Every structure is written in C-alpha cells, then in structure tokens.
Amino acid sequence: MVETRVLEDTHATDGGVPAPDLSVVITLFNEAATLGDLYRRTVETLEPGPHSYELIFVDDGSTDATFSVLERLHGSDPRVRVVRFKRNFGQHPAMHAGLVRARGPIVITMDGDLQNAPEDIPRLLEAVEAGNDVASGRRQARHDSWGRTLPSRLINGMLRRFTGVAISDFGCAFNAYRRTAVEPMLGSIGKQKFTKALVVSGGARVVEVDVGHAPRQGPSRYSPLRLTRLALHVLAGFWPQPIQWIGVALGIVCSLLALGLGAYGIVFWVGESNFPGPLFGGVLVLFVLGVQGFILALVGEYLGRIQRDVEGRPLYTIDREL
C-alpha cells in the first residue's frame, strides 16, 4: 500500500537506531550495471563525515539484477535501506516513497544512473546548511541530445512562469532539501511531477548550485512523446485556470484572423473572380481544430487526475522493503 504518512520527527529512531543527520534518496530503474559504483562513490564522499547518514534506494520495478545488488548492499551495510515496487510506477512516485521514509533533517535526492556525481553532495549540503531550504542542482555542460534539452528549456520556462521562482533547472533531480520544506508538499509529491517545483512554489528559500553532468549510459527513458506529456502535466498542475486562458486566447486569435482575412479579401480581392475564399477558410478551420486538439489533451490530463482520485488508486505498491 502507498505510504502517505508525514516525515518522522528528526529525533525519531528506527529499531533503536538514532535518526541520521542526512538522508540520501536514490531512485533506480534497471541500474544494476552502475549501482555498485554509485554506492562506493557515495559512501566514499560521505564517510569522512562529519554527518551521519542513511542511503534509501527505491527500486522502481527493475527487471534486471538491481534488487539482487541492493540485497547484497543492505546485508553488508546497515545504513542501506531498500524499497522495491511491484512494477514500474515512475520516477516521481519512487521519489515519494523515499521522501516519506527519510529520517534526516536534510534530504538529498538523486537518480541512480550516475549522470550526477555523488562527489557533489557536499556542495548541496553546504548550501542548505548556509540557511537555504532548497539547494537546487543546476546541471553544467549537459550531455543530452537537442531532443532532450530543447523540450527541457521549454518546460523550465513554463515552470519559472507558473511558480514565480527564477531557477534554471527544474528537471534536475539532484537536490538537497530541509525536511521542513518537503513535509507540507508530501500529499502532492508523486501525484504531481517536478518535486522541486512543488517545494519551491510553497515559498521555500532556494539557491542554485552548479553540479556536474555525465553522459547517460544507455537510451534515455524520456522520449519526445513523454516530454510532451510532461509539458501537459506542467500546464495542468502549475498553471491556474489554463482552460479559461486558452479559450480566451483562442477566441482572440481566431477573431483577429477572421478580421484580418476579411479585410484582406475586401481590399485586394473585391471584384476578382479568383478570390481564394476556400483556401483562407480551410487555413482558419485547421488552426481552430489544432487548438481544440490541444485543449482536449489538456482536459484529458484533468480527467485522468480526477479518475485516479475518485478510484483511490495508490501511487505505488510495494513488493519488498529492507
């Protein structure tokens, strides 16, 4: 069953073990090949101290040997905690599963594909300890194709506009949070994508921190279609009253187009036998249909959310927990 509890008190214990100073939440999907290196580099970064820590790995329904590697790590290191989903539910539900289990007053989040370097964790930690609620990772020299970076820039621009927070990289999952900034948003995290946008939209103090970015090993899971769906998700989740605004914009644009085409026809084609009325009419109809298709897609996003809430579907189901 999905976890919906709030984060525990910073002095809470787990089986008699005091809560750590720092929780690192790492989401995984078919990362068996790099998981050992990820664990080693993370431990080597954190081991010198001065903070105690725990590592919370969330296996988002991997079909390779990811969970077997996690079992070995858990058996050899008591600081390793593991959650395994019954199937692949997605990065954001996996992030929720890790956040609700994090016991440290500061939480680091990161993907498990080693595109972000664990060696940058102290930089994020330092930014939060300096008094900020969120240290927002900003990927430098991104090693992604234009098919990823161009839609990413569009989505980042939308989120800056809708949240009113001028950070440049909402899509970077490598961040540090104070637990107190995350707690009010736990009911929406997972249901709503872009965890960082949710947290900062609540008024959290945020600072950007430059972090490294390595090429991904293997194909990206973000196809153009999935990125388009993300854009619709941003509109439905962060833009207040989008249907009304789009309807108003459609009415204004269509009215202006109709007025302009009418004026053009009157001025240049009056009395001409070859007035291209059907051509102009067809262009206008196609334009209106295109905008209507976009509106229907947005309405579909809303209806999907309503259906999930009405049916009471869990964000995820858990197979095993170590």
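Start with helix α2: its buried residues are covered by a set of elements that includes β3 (22-28), α1 (32-46), β4 (53-59), β5 (80-85) and β10 (318-321). Keep in mind that this is a predicted model.

Which residues of α2 are buried? In this helix, which spans residues 66-76, they are T66, F67, V69, L70 and L73. They sit on the same side of α2, because the arc they cover around the axis is only 155°. The spacing fits the usual helix rule: with 3.6 residues a turn, residues three or four places apart point the same way. Flip to the face turned away from the buried side of α2 and you find the exposed residues R72, G75 and S76.

Now for the neighbour, α1. How do the axes of α1 and α2 cross? They come within 8 Å of each other, at an angle of roughly 25°. That angle is under the 35 degrees used as the cut-off, so α1 counts as roughly parallel to α2. As for handedness, α1 passes α2 in a right-handed crossing. On the α1 side the contact is made by A32, L35 and Y39, and on the α2 side by T66, V69, L70 and L73. Sorted by class, this α1 and α2 contact has six nonpolar residues, one polar and no charged ones. T66, V69, L70 and L73 turn up twice in this story: they are among the buried residues of α2, and they meet α1.

Helix α4 can be read in a similar way. Its residues run 121-129, and I121, L124, L125, A127 and V128 are buried. These residues cover an arc of only 160° around the axis, which means they lie on the same side of α4. What do the buried residues of α4 pack against? The list is β3, α1, β6 (106-111), β7 (134-139), β8 (175-178) and β9 (206-211). So β3 and α1 come up again: they help cover the buried residues of α2, and they also pack against the buried residues of α4. After α4 comes G131, with a positive phi near 120°.

Two residues other than glycine also have positive phi, and both are in loops. Here they are, side by side.

| Residue | Phi | Loop | Relative accessibility |
|---|---|---|---|
| N30 | near 55° | between β3 and α1 | 29%, partly exposed |
| L114 | about 65° | between β6 and α4 | 13%, buried |

Why does L114 count as buried? Buried means under 20% relative accessible area, and L114 has 13% relative accessibility, so L114 falls in that class. N30, at 29%, counts as partly exposed.

Strand β6 also holds D111. Leaving aside residues up to four places away in sequence, D111 touches I26, T27, Q91 and A173. D111 and C172 are 61 residues apart in sequence, yet their C-alpha atoms are 9.2 Å apart in space.

Zooming out, the chain has 10 helices and 10 strands. Of its 322 residues, 46% are buried. And what share of contacts joins residues at least 24 apart? Among contacts between residues at least 6 apart in sequence, the figure is 82%.

Methods. Residues numbered from 1 in each chain as written. Predicted model: local features only at pLDDT ≥ 70, side-chain atom pairs only at ≥ 80, totals over all residues. Heavy atoms only, no water. Buried < 20%, exposed > 50% of the residue type's maximum accessible area, 1.4 Å probe, protein only. Helix = DSSP H or I, 4+ residues; strand = E, 2+ residues; numbered from the N terminus. Arc of directions from axis to C-beta. Contact = heavy atoms within 4.5 Å. Axes fitted to C-alpha atoms, helices over the stretch in contact; angles between N-to-C directions. Parallel < 35°, antiparallel > 145°, perpendicular 65-115°, else oblique. Left-handed = near helix turned anticlockwise from the far one by under 90°. Nonpolar A, V, L, I, M, F, W, Y, C, P; charged D, E, K, R; others polar.
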